[in-house]
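Student: Could we go through this structure together, one question at a time, with the reasoning spelled out?

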Amino acid sequence: MAVLTIRDALNEALREEILRDENVFVMGEEVAEYDGAYKVTRGLWKEFGDKRVVDTPITELGFAAVGVGAAMAGLRPVIEFMTWNFSILASDQIINHAAKMLYMSGGQFKVPIVFRGPNGSAFQVSSQHSQALEAFYANFPGLKVVMPSTAADAKGLLKSSIRDDNPVIFLEQERMYGLKGEVPEGDDFIIPLGLADIKREGTDCTIVARSMTVPLALQAAEKIQAEFDVSVEVVDPRTIKPLDIDTIVGSVQKTNRLVIAEESHEFASVGAEITYQVMDRAFDHLDAPIKRVSTAETPMPYAKNLEAAALPSVEKIIAAVKDVCYL
Amino acid sequence: MAEKFLMPKLSPTMEEGQISRWVINEGDDFSAGDTLAEVDTDKATMEMTALTGGTLLKVIKPAGSTAALGETIAITGKKGEDITALLAEASSNGSEKKAPAEPKEPAPVAAAAVASTAEVSAPVATSTSKAGNGRVIVSPIAARMAADNGVDLRAVIGSGPNGRIIKRDIEAALAGGGSSGSGRVAFTPSTVVGASAYNDEPTSQMRRVIASRLAESIGPVPTFYLTTEIEMDNALDLRRAINASVPDEQKISVNDIIVKVAALSLVKHPYVNASYQGDKIRFYEQPDIGIAVAIDEGLITPVVRGANLKGFVEIGAEIRDLAAKARSKKLLPEEYTGATFSISNLGMFGIKEFTAIINPPEAGILAVGNAVPTAVVREGAVVVRNIMNVTMSCDHRVIDGATGAKFLQTFKQMLEQPAMMLV
């Protein structure tokens, strides 16, 4: 297996899909000549040219609309948002058009499009550039929402997303682009959407984490094991919608305790949804109220110390696990 | 705003506490950090301090009464506040907490609690939302396990917040109670008619913990015993020589030498300074030796840490200090928990040889008898030597026969030839 950064794993996925299907093209701000703001599209324009890798003006609503139209006409666009914060400008196209088209056209027009880019906090980019939007997009029927946390997941899930006939919200994390991991070789490695992955097996407490909180949860699990001899299972749903609730419920049935770690704000979050579904399906298996670790209810502060205080951390996750384990 | 003051957790293994005395009276003001009451826990008398300032509006649990963890023992707040609703809650809380001990008749307890607050009894009578309904707080999985296994939840004491019965409490109840200081099943002592008269004294916290700890030991811990005779003459000479050269307050006992020799031997035998932990064996880097000290109500094992690195005089002073604290029940939790091995010495009672019970999760305990002048054969002649018998109880899950024997060999060698301590 090759060891790749998440950035390069995404690049491989894009390249392989462009080669595999002539309808696939990449479009967004700076994706072509500049190789992408975060270099995810590095080398693609040089290799495939203007037709497959398209630079756009700073017009999120406009190029999202071009993408939706192209998808309706039979192409498979991959639209990069420089960050998901800018997608809010384009959200009319995503929510009102991409998500609704199949339904409102009575099944005549499918929209096989991927919107992708970094989601959540970065390094001191403050309130308008640090938002985690998974709960926002997951709230609308018609969209799939994908959040990889490893290089292999990033590659396998992006390829599946491009091949999917529905609009897919593909949420990456700027802090994680440089994380390395093993990626199976060969250009037909895919991971189906809607399949959770148990990142660490354990028996005493389940942590459901996604994207940036997965490495935090794994570190917390090691520390808890060493300090309290409590065995923590870390479940990464990988796809928020459709959600693999069976794997989560199966884990809770084993451990009887659940902590959810997430980078979004907690009110009406994905963690709130998981909490409800676990309560609905596994109430009789719970030994403690479910705990969440989310980002504080505040616009993201710019100051480094306040930013750290607002975000989920290993320490906060450990405290939540201790709570549900009555330690 | 007026608040319920709940029985806090004052020792790591505490499940309930007895109010020894209230330091301040009803109506007194207090500040954060002030001592409100002294509480007898399972191990020691602890000071219960205030986390915030306020006024003691009402004492729910007077001196001498016992309260479970999280049970309301007083109402605090600002002078003149209306506390009738809290009193009503506290009285219902009282009945629900008492239920495990007296499952058949929770009502009189509630009534008693209400009666003790007679001066505000009128509103209490109308505020009966929860009073006397004996509601049991239980986690879903614990409730299901109890139902599946026919466990009466009213007979289980919850170890979770607010007395919530959680999974481990049911597991403990199913295992026969008493494991790891969590939920235990209440019992009703049988009363025999027509036989001997008897006196019932309430089981003290310490006696309960001793019972549960020792039962826990003899049950799951497969123990075996190794005995050896040690010729103590050289060690006694060493002690005499030291005591002849130090001031009175620094004089050492044989036990101080034994503790240091045990610590030095433990360092050389890691399997004895270890603990069986199910999926792993924990090896301790430092020998921390619990010394069994008899006190009026039972026994406690203050810990001498790292005695391998300490001198005899230092060890002696430390043990004297810990024992004095133990007798006045002033030991801090960190002074009596976390030993890696224990020593019980009954030599001063004239006991020649005995076996001691392991204090889990430690893997061993050394039972030390007195050194008795004994006729022995040395080089073909009968001579008198001071012989001391020691018996080590070993947890066979960690210590095998030969491992334990080698440890005792080292221990014996150092006592018989104290110069070996320097090797």
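**Helices and strands in two chains**

Tutor: We can begin with a contact between two helices, in which A:Glu60, A:Leu61, A:Ala64, A:Ala65 and A:Val68 of α3(A) meet A:Ser87, A:Leu89, A:Ala90, A:Asp92, A:Gln93, A:Ile94, A:His97 and A:Ala98 of α4(A). Sorted by class, the residues of this contact are eight nonpolar, three polar and two charged. Please keep in mind throughout that the model is predicted.

Student: How are α3(A) and α4(A) oriented to each other?

Tutor: Helix α3 (residues 60-72) of chain A and helix α4 (residues 87-98) of chain A have axes that come within 7 Å and cross at roughly 25 degrees. Angles under 35 degrees count as roughly parallel. α3(A) and α4(A) are therefore roughly parallel to each other.

Student: Which hand does the crossing of α3(A) and α4(A) have?

Tutor: The crossing angle of roughly 25 degrees between the axes of α3(A) and α4(A) does not itself name a hand, and the hand is given separately. Where α3(A) passes α4(A), the crossing is right-handed.

Student: Is A:Gln219 buried, exposed or partly exposed?

Tutor: A:Gln219 belongs to helix α8 (residues 213-228) of chain A, and its C-alpha lies 9.6 Å from that of A:Glu315, although 96 residues separate the two in sequence. A residue is buried if 20 or more other C-beta atoms lie within 10 Å of its own, and exposed if 12 or fewer do. Because A:Gln219 has 14 C-beta neighbours inside 10 Å, A:Gln219 counts as partly exposed.

Student: What share of the contacts in chain A between residues at least 6 apart in sequence joins residues at least 24 apart?

Tutor: Chain A contains 12 helices and 14 strands, and buried residues make up 52% of its 327 residues. Among the contacts in chain A between residues at least 6 apart in sequence, the share that joins residues at least 24 apart is 78%.

Student: How many residues of chain B are in contact with chain A?

Tutor: On the side of chain A that touches chain B, the residues divide into four nonpolar, two polar and three charged. These nine residues of chain A are in contact with residues of chain B, whose number is 10.

Student: What percentage of chain B is made up of buried residues?

Tutor: Chain B has 11 helices and 18 strands, and 61% of its contacts with a separation of 6 or more come from residues 24 or more positions apart. Of the 423 residues in chain B, the buried ones make up 40%.

Student: Which strands stand at the edges of the open sheet with the order β1-β8-β6-β3 (chain B)?

Tutor: This open sheet has four strands with antiparallel pairing. One of its pairs is β1(B) with strand β8 (residues 72-77) of chain B, joined by four bridges, and here B:Glu3 has B:Thr76 as its bridge partner. Two strands of the sheet each have a single partner strand, so one side of each is left without a neighbour in the sheet, and these edge strands are β1 (3-6) and β3 (29-30) of chain B.

Student: By how many degrees are neighbouring strands turned against each other in the sheet β5-β4-β2-β7 (chain B)?

Tutor: This is an open sheet of four strands with antiparallel pairing, and β5 (45-49) and β7 (66-68) of chain B stand at its edges. Strand β4 (residues 35-40) of chain B is joined to β5(B) by five bridges, with B:Thr35 opposite B:Thr49. On average, and with direction ignored, neighbouring strands of this sheet are turned against each other by 40 degrees.

Student: Which residue is the bridge partner of B:Ile289 in β16(B)?

Tutor: B:Ile289 lies in strand β12 (residues 288-291) of chain B, where B:Asp288 and B:Gly290 on one side and B:Ile289 and B:Ile291 on the other are all buried. Three bridges join β12(B) to strand β15 (residues 303-305) of chain B in the antiparallel sense, whereas β12(B) and β16(B) run parallel, also over three bridges. In β16(B), the bridge partner of B:Ile289 is B:Phe341.

Student: Which residue in the turn between β17(B) and β18(B) has a positive phi?

Tutor: β17(B) and strand β18 (residues 381-395) of chain B pair in the antiparallel sense over 13 bridges, and B:Ala375 stands opposite B:Val384. The two strands form a hairpin with two residues between them, and the turn residue with a positive phi of about 50 degrees is B:Glu379.

How values were computed:
Residues numbered from 1 in each chain as written. Chains lettered and ligands numbered in written order. Predicted model: local features only at pLDDT ≥ 70, side-chain atom pairs only at ≥ 80, totals over all residues. Pairing = 2+ DSSP bridges. Contact = placed C-beta atoms within 7 Å. Nonpolar A, V, L, I, M, F, W, Y, C, P; charged D, E, K, R; others polar. Axes fitted to C-alpha atoms, helices over the stretch in contact; angles between N-to-C directions. Parallel < 35°, antiparallel > 145°, perpendicular 65-115°, else oblique. Left-handed = near helix turned anticlockwise from the far one by under 90°.
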